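Subject: Structure for you to look at

Dear colleague,

I am handing over the structure that I have been reading, and I would be glad if you could open it beside this message. Please take your time with it before going on to my notes.

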Amino acid sequence: MMSKGVKAIFAGTFDPITNGHIDVIERAAKMFDHLQVGLLINPNKETLFSMDERMDLIKESIKHLENVSVISFDGLLIEYCMKNDISVLVRGVRTIADMEYELQMAHMNKELNDKLETVILPTSKTYSFISSSLIKEVLHFNADVSNLVPRCVIEKLKGKELI
């Protein structure tokens, strides 16, 4: 089910990347010739991991996917897409609330760039409750998240003495 010649991007903060993110990335990688995982630079957002750490964690987590690359960008995602000949935004959803938000964003993005399509992928039910925010929240109570995030994230968390 590959779309020939189509470049897509799955963008987010990924702080940290979770198994739910990996699920969406792996499935999207089967659909497009090339998928970029776009790490949004947002200096106003306080993150657990630095930009470099998040880039490294994403790269390590998806190294088995030949047609996926990791980039970082700032500014509007649609502007990045126009400058880089990307025609599809991939968005993952876990809940109805996610779907409502993503639908609003898809309509806004289409209004701003009518050549840009949005593909919304529901995460597998196994990962439907996982969010980066929830991972960080339960880490404050020393919860075991080893089955929710890639092994490299666990190792990095140990280095931060969070687990």
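Below is what was found, taken from the strands to the core and then to two residues of one helix.

Please keep in mind throughout that this is a predicted model. A good place to begin is the pair of strands β4, which covers residues 88-93, and β5, which covers residues 117-122, since these two run in the parallel sense and are joined over 6 bridges. Within that pairing, V93 has P122 of β5 as its bridge partner. Between the two strands the chain passes through helix α4, residues 96-112, and the β-α-β crossover made in this way is right-handed.

The next topic is the nonpolar interior. The largest nonpolar core contains 35 residues, and I25, I62 and V90 are the ones with the most contacts inside it. Two or more residues are given to this core by each of β1 (3-12), α1 (19-29), β2 (32-40), α2, β3 (68-73), β4, α5 and α6, and α1 gives the most, with 5 residues. If neighbours within four places in sequence are left aside, the contacts of V90 are A8, I9, F10, A11, V24, A28, F32, L35, V119 and L121. There is also a second, separate core of 11 residues, with I9, I78, I86 and L116 among them.

Helix α6, residues 151-159, has C152, V153, I154 and L157 as its buried residues, and the elements that cover them include α2 (51-61) and α5 (132-139).

Finally, two residues of helix α1 may be worth finding on your screen, namely N19 and G20. N19 has a relative accessible area of 16%, and because buried means under 20%, this residue counts as buried. The side chain of N19 reaches the backbone oxygen of N147 at 3.1 Å, and, not counting residues up to four places away in sequence, N19 touches Y127, N147, L148, V149 and P150. G20, at 10% relative accessibility, falls under the same 20% cut-off and is therefore buried as well. With residues up to four places away in sequence again not counted, G20 touches T123 and Y127. By contrast, G20 and M105 are 85 residues apart along the chain, and their C-alpha atoms are separated by 20 Å.

With kind regards

Notes:
Residues are numbered from 1 along each chain as its sequence is written. This is a predicted model: local features need pLDDT of at least 70, side-chain atom pairs count only at pLDDT 80 or more; totals for chains, interfaces and linings use all residues. Side-chain values use heavy atoms; hydrogens and water are left out. Two strands pair if DSSP finds at least two bridges between them. Helices (H or I, at least four residues) and strands (E, at least two) are DSSP runs, numbered from the N terminus. A crossover is right-handed if, with the strands pointing away from the viewer, the path from the first strand over the helix to the second runs clockwise. Buried means under 20% relative accessible area, exposed over 50%, partly exposed in between (1.4 Å probe, protein chains only). Contact means heavy atoms within 4.5 Å. A nonpolar core is a set of buried Ala, Val, Leu, Ile, Met, Phe, Trp, Tyr and Cys residues joined through side-chain atoms within 4.5 Å. A polar contact is a pair of N or O atoms within 3.5 Å; within protein, one must be able to donate a hydrogen and the other to accept it, and residues adjacent in sequence count only if both atoms are side-chain atoms.
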